[in-house]
Amino acid sequence: MSKKPTASQGNGELMELALKDLARSGLDKKDFKTLKLQVLDRHETDAFVGEPRASYKIPYFDVNGKEISYSRVRFLETGKSKPFSKGTREGSFRYSQPFNSSPHIYFPPYLDWKKIAKNPEFPVLITEGEKKAALACKMGLACFALGGVYGYKASKRLQDLIPE
């Protein structure tokens, strides 16, 4: 029985699934690198978020464009270790983050967010989901994201709103 390669060894099959997922959102391999995404196999994802499913890690950035310690994952498989297909409801949650971590705002690294933050006249869009924000920024629109519908608050940490 041969051992499956880990994502860090360049698992081509997982990379292909990640790129297909990005393509559905209008993103490509160049964006994979720009966004500093990282493919994780089942063991790596399990160690990170406690769910043994292949995924890719989405690192977050501050307004200065520096990567922060917070990341989320986008699962590439349902809970039954099958790739997601259109309309699937099995293992329906597709994103996760480390247990008990506070949410953060996702600033895609395509724009100068520090300059944007200093200009109250600059129009900024807010969306739900990192990939939507990344595509908008790639197209020249200033857009940051909340990672999920309830990604704006951290009530478990007694915060009404996230710090950013």
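**Charged and aromatic contacts**

Mentor: Asp-21, Arg-24, Arg-74 and Lys-131 are joined in a network of salt bridges. The model is predicted, so local features need pLDDT of at least 70 and side-chain atom pairs count only at pLDDT 80 or more, while totals for chains, interfaces and linings use all residues. Residues are numbered from 1 along each chain as its sequence is written, and side-chain values use heavy atoms, with hydrogens and water left out.

Trainee: Why is the contact of Lys-131 with Asp-21 called a salt bridge?

Mentor: The term asks for a side-chain nitrogen of Lys or Arg within 4 Å of a carboxyl oxygen of Asp or Glu. The closest N and O atoms of Lys-131 and Asp-21 are 2.8 Å apart, so the pair meets that rule. Lys-131 lies in helix H5 (residues 130–138) and Asp-21 in helix H1 (residues 12–24), so the bridge ties together parts 110 residues apart in sequence; such helices are DSSP runs of type H or I with at least four residues, and strands are E runs of at least two, both numbered from the N terminus.

Trainee: What makes Asp-31 buried or exposed, and how is Lys-138 classed?

Mentor: Buried means under 20% relative accessible area, exposed means over 50%, and partly exposed is in between, with a 1.4 Å probe and protein chains only. Asp-31, at 3%, therefore counts as buried, whereas Lys-138, at 36%, counts as partly exposed. These two residues also form a salt bridge, with their closest N and O atoms 2.7 Å apart.

Trainee: Why is the pair of Phe-75 and Phe-93 called edge-to-face?

Mentor: Rings of Phe, Tyr and Trp (its six-membered ring) pair if their centres lie within 6.5 Å, and planes under 30 degrees apart count as stacked, over 60 as edge-to-face and the rest as tilted. Phe-75 and Phe-93 are 5.6 Å apart centre to centre with 85 degrees between the planes, so both conditions are satisfied. Phe-75 is buried at 0% relative accessibility, and Phe-93 is partly exposed at 43%.

Trainee: How do you know that the charged end of Arg-53 sits over the ring of Phe-93?

Mentor: The rule requires NZ of Lys or CZ of Arg within 6 Å of the ring centre and within 35 degrees of the ring normal. Arg-53 is listed as sitting over the ring of Phe-93, and its distance of 4.6 Å from the centre falls within the distance limit. Arg-53 also lies over the face of Phe-75, at 3.8 Å from the ring centre.
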